[in-house]
Amino acid sequence: MSLRIGVLGASRIADLAIVGPAKQLGHRLVAVAARDRGRAALFAEKHGVERVLDSYAEVIADPEVNAIYNPLANSLHAPWNLAAIEAAKPVLTEKPFSRNRSEAQRVAEAAQATGVTVMEGFHYLFHPVMRRALEVAVDGTIGDMHHAEVRMAMPAPDASDPRWSFEMAGGALMDLGCYGLHIMRRLGHPSVIRAHASQRTPGVDEWCDVELGFPCGATGLSANTMAAPDHSFTVRIVGTKGDLLVHNFIKPHEDDRLTIRTPAGTRVEHHGTRTSYSYQLEAFASHVLHGTPLPIDTADAVENMAYVDAAYRAAGMTPR
């Protein structure tokens, strides 16, 4: 059995996030639509999508499509996920789940009422390097957690990119920080203590740093910038007996190292260069086709958006 996937939009991320994994795992890309049909046609020709349709609604309604991939701009995640739920089509949606917590709650309630799966695409969580890091963080190897940092940096997108638009729910915290907050929540139930941001345009953060506190007394930092010279995506967790570093949790296929330092010495583990997106699609497909449980659900997505909202308020900004 295989998924027959309908793709909403001809996004940049789709090649890595859905096209490659679908080919590797034997799933079909049945249909695609974009705002510009010509762009969708080029996407289909390049990536082997079986047909081009005129609208996102037609992709969702296509009787041959049995799953939806939604990589649209942030503000369009929730509306089109709701449309897919209404059509009883499970959705793998790019993060963030929605513009804010209340919108996330509406999607979650619709999904729960109908039994339709909507999974937020936190692909990092499915890769062995991150799964191992989360194990080491709590198994005593580095002692009790003292501090955790997720640092995410990328060069600035083009000025016309929707990530710079408040109306399209852009901003560094939305695009990057949702990961950092998600990871912090895997380590416990932290509170947002304070946040600082610089706005590129009114209401849209170029960078945003979020400080967190854990009930155990440990501290956390989610540092996010869309104005860096290079890409960098690291997770560092410091314990009372050592520390660990995930060198590239977003693209472990480029660097799969986990470095663990303790008084006994430094150990570098390698956890494989298969993409995190392949692991993610494998898990999503297994759930849709066979009912295999997933490690995250819509309740997790709602809580993560609550943290994003709280971080924006702490930075003196308005949630999307």
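Buried means under 20% relative accessible area, exposed means over 50%, and partly exposed lies in between. The exercises below use a predicted model.

**Exercise 1. Classify the ring pair Y56 and W80, then place the two residues in the fold.**

Solution.
- Start with burial. Y56 has a relative accessible area of 12%, so Y56 is buried.
- W80 has a relative accessible area of 23%, so W80 is partly exposed.
- Next, the geometry. The structure holds six aromatic pairs. In the pair of Y56 and W80, the ring centres are 5.3 Å apart and the planes stand at 85 degrees. Planes over 60 degrees apart count as edge-to-face. The pair is therefore edge-to-face.
- Finally, the location. Y56 belongs to helix α3 (residues 56-61) and W80 to helix α4 (residues 77-86), so the contact ties together parts 24 residues apart in sequence.

**Exercise 2. Describe the pair F122 and Y124, and name the aromatic cluster that contains these residues.**

Solution.
- The ring centres of F122 and Y124 lie 6.2 Å apart. The cut-off for a pair is 6.5 Å.
- Their planes meet at 75 degrees, so this pair is edge-to-face.
- F122 has 0% relative accessibility and counts as buried. Y124 also has 0% and counts as buried.
- The cluster consists of F122, Y124, Y179 and F249.

**Exercise 3. Trace the contacts of R320.**

Solution.
- First, the ring. R320 lies over the face of Y312, 4.1 Å from the ring centre.
- Second, the carboxylate. R320 and D205 form a side-chain salt bridge, at 3.5 Å from N to O. The limit for a salt bridge is 4 Å.
- Third, the sequence positions. R320 sits in the segment after α9 (298-314) and D205 in strand β9 (residues 204-213), so the bridge ties together parts 115 residues apart in sequence.
- Fourth, burial. R320 and D205 are both buried.
- For another charge over a ring, look at R274. Its charged end sits over the ring of Y279, 4.4 Å from the ring centre.

**Exercise 4. Work through the salt bridges E64 with R51 and R236 with D243, then find a network.**

Solution.
- The whole structure has 22 salt bridges.
- In the bridge of E64 with R51, the closest N and O atoms are 3.0 Å apart.
- E64 lies in the loop between α3 and β4 (67-70), and R51 in strand β3 (residues 51-52), so the bridge ties together parts 13 residues apart in sequence.
- E64 is partly exposed at 28% relative accessibility. R51 is partly exposed at 27%.
- R236 and D243 meet at 3.9 Å, N to O. R236 is partly exposed, with a relative accessible area of 33%. D243 is buried at 10%.
- Now the network. Shared partners join R12, K95, D161, R163 and D175 through salt bridges.

**Exercise 5. Characterise the largest pocket by volume, lining and composition.**

Solution.
- Its volume is about 1100 Å³.
- Lining residues number 38, and those closest to the pocket centre are S11, R12, I13, P71 and R163.
- Two of these names return from the network: R12 and R163.
- Helix α7 (residues 172-186) gives the most to the lining, with three residues.
- By composition, the lining has 19 nonpolar, eight polar and eleven charged residues.

Terms used: Residues are numbered from 1 along each chain as its sequence is written. This is a predicted model: local features need pLDDT of at least 70, side-chain atom pairs count only at pLDDT 80 or more; totals for chains, interfaces and linings use all residues. Side-chain values use heavy atoms; hydrogens and water are left out. Rings of Phe, Tyr and Trp (its six-membered ring) pair if their centres lie within 6.5 Å; planes under 30 degrees apart count as stacked, over 60 as edge-to-face and the rest as tilted. Helices (H or I, at least four residues) and strands (E, at least two) are DSSP runs, numbered from the N terminus. Buried means under 20% relative accessible area, exposed over 50%, partly exposed in between (1.4 Å probe, protein chains only). A charge sits over a ring if NZ of Lys or CZ of Arg is within 6 Å of the ring centre and within 35 degrees of the ring normal. On a 1 Å grid over the protein atoms alone, a cavity is a set of points where a 1.4 Å probe fits but cannot get out, and a pocket is an open set with protein on both sides within 12 Å along at least five of seven lines; lining residues have an atom within 4 Å of a point. Grid points are joined across faces, edges and corners, and a volume is the space filled by probe spheres set on the points. Ala, Val, Leu, Ile, Met, Phe, Trp, Tyr, Cys and Pro count as nonpolar, Asp, Glu, Lys and Arg as charged, and the others, Gly among them, as polar.
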